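Reader: I would like a close look at one part of this model, the packing of a helix pair and the cysteines there, and then at the charged pairs and one core position for context. Please give the cut-offs behind each term as you go.

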Amino acid sequence: MGNLIKVLTRDIDNNGGNFFLDFENAQPSQSETALWEEVNGTLEEAQVVLDELQTYRGAGEEIRQAIQSPGLQQVQQQVWSSVVPLVVKLKTFYEFSQKLESSLRRLLVVLTAGSSPTQQLEQKQALARQVAHILHFTLRFDELKMTNPAIQNDFSYYRRTVSRMRINNLSVREEEEEITVDNEMANRMSLFYASATPMLKTLSDATSQFVSENPDVPLENTTDCLSTMASVCKVMLETPEYRRRFSSEDTVLFCLRVMVGVIILYDHVHPAGAFVKTCNIDMKGCIRVLKEQPPSSVEGLLNALRYTTKHLNDEATSKQIKNMLQPN
């Protein structure tokens, strides 16, 4: 984006003034620095996680050979040696989802404080920027996970092998002990990876829990914070003069992911969801913006709206919105 982006829209500005949201350059104030630095450490780790997931190749060939040659001990040892390091990675990814959840909850505490979430976003842009980066990572992680069936195949093979060892009273190899994937951890990981969009589900659950555990914070503070971010992204994407200010085409996809992420969080937190007429988010406009992009870049985001929202199939959702989200 380079420069600050001026957002002029009645959808997101309740006071008749202007406010700027800078996803690239916003820096924390002195009072925000401690939280910002802590979350920034998590975001730096997020890039490492994405890089590792992007290069995750899986042990499909080794698993096929092991299934075809159950009696060959050398083949079984070879596949085990291939699968264990992959399970170490999968455990790291799962544990990182817990860190991400904690970071989001801490940012929400600050951004939903006070009487005007819109004002909080305006005044605490560095922290709003971090929420955006968390959501951008989340959507990117889930897109990569959905297109890589090896992840669940590898973990399933690992669990079957460990189970067979225990049934046969064989010693579980040292590699498994080192990664400490005990039964409870393995169950949690299975639930995590069974979801089509595991990171989004983690953050949706965390946002809902944040609301239920903080009854002193009005629900509207959380939903207004999320709907404002969705509206900011939509306006920047659909307004040519704003898009021309983007320094990189990647910023378009960044905004699209953030917009979809906050819509899904809103839909899980608001009792009526994001698709009713009274919602503060212009859902038709948001879907239209998505569908104007190259299909290859947004199909995963459209699928996230189709399959990870809570209220899309409610009777209160208009037929027009349901039709707009029908797969081609």
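Author: What follows begins with the helix pair and then moves on to the cysteines, the charged side chains and a single leucine.

The model is predicted, so that local features need pLDDT of at least 70 and side-chain atom pairs count only at pLDDT 80 or more, while totals for chains, interfaces and linings use all residues. Residues are numbered from 1 along each chain as its sequence is written, and side-chain values use heavy atoms, with hydrogens and water left out.

Two packed helices are described by the angle between their axes and the distance between those axes. Here helix α10 (residues 219–238) packs against helix α12 (residues 250–269) at an angle of about 155°, with the axes 9 Å apart. Helices are DSSP runs of H or I with at least four residues, and strands are runs of E with at least two, numbered from the N terminus; the axes are lines fitted to C-alpha atoms, for helices over the stretch in contact, with angles from 0 to 180 degrees between N-to-C directions. The two helices α10 and α12 are therefore roughly antiparallel, given that angles over 145 degrees count as roughly antiparallel, under 35 as roughly parallel, 65 to 115 as roughly perpendicular and the rest as oblique. Their crossing is left-handed, a term used if the near helix is turned anticlockwise from the far one by less than a right angle, whereas clockwise makes it right-handed. Among the residues of α10 that meet α12 are Leu226, Ala230, Cys233 and Leu237, and those on the α12 side include Cys255, Leu256, Met259 and Val262, contact meaning heavy atoms within 4.5 Å.

As for the cysteines, a disulfide is a covalent bond between two cysteine sulfurs, counted here when the sulfur atoms lie within 2.5 Å. The count comes to 0 disulfides. Cys233 is in none, the nearest cysteine sulfur, that of Cys255, being 4.9 Å away. Cys233 is buried, at 0% relative accessible area, where buried means under 20%, exposed over 50% and partly exposed in between, with a 1.4 Å probe and protein chains only. Cys279, also buried at 11%, has its closest cysteine sulfur in Cys286, at 8.6 Å, too far for a bond.

Turning to charged side chains, those of opposite charge can pair when their charged atoms come close. A salt bridge is a side-chain nitrogen of Lys or Arg within 4 Å of a carboxyl oxygen of Asp or Glu, and the count comes to 12. In one of them, Glu143 pairs with Arg140, the closest N and O atoms being 3.6 Å apart; these residues are 3 residues apart in helix α5 (residues 125–146), about one helical turn. Glu143 is buried at 13%, whereas Arg140 is partly exposed at 22%. Arg140, Glu143 and Arg257 are linked in a network of salt bridges. Another, between Glu184 and Arg188, has its closest N and O atoms 2.9 Å apart, with the two residues 4 residues apart in helix α8 (residues 183–194); Glu184 is exposed at 54% and Arg188 partly exposed at 33%.

Finally, Leu90 lies in helix α3 (residues 73–111) and is buried at 0%. Leaving aside its neighbours within four places in sequence, Leu90 contacts Tyr56, Ile151, Phe155, Met189 and Tyr193.
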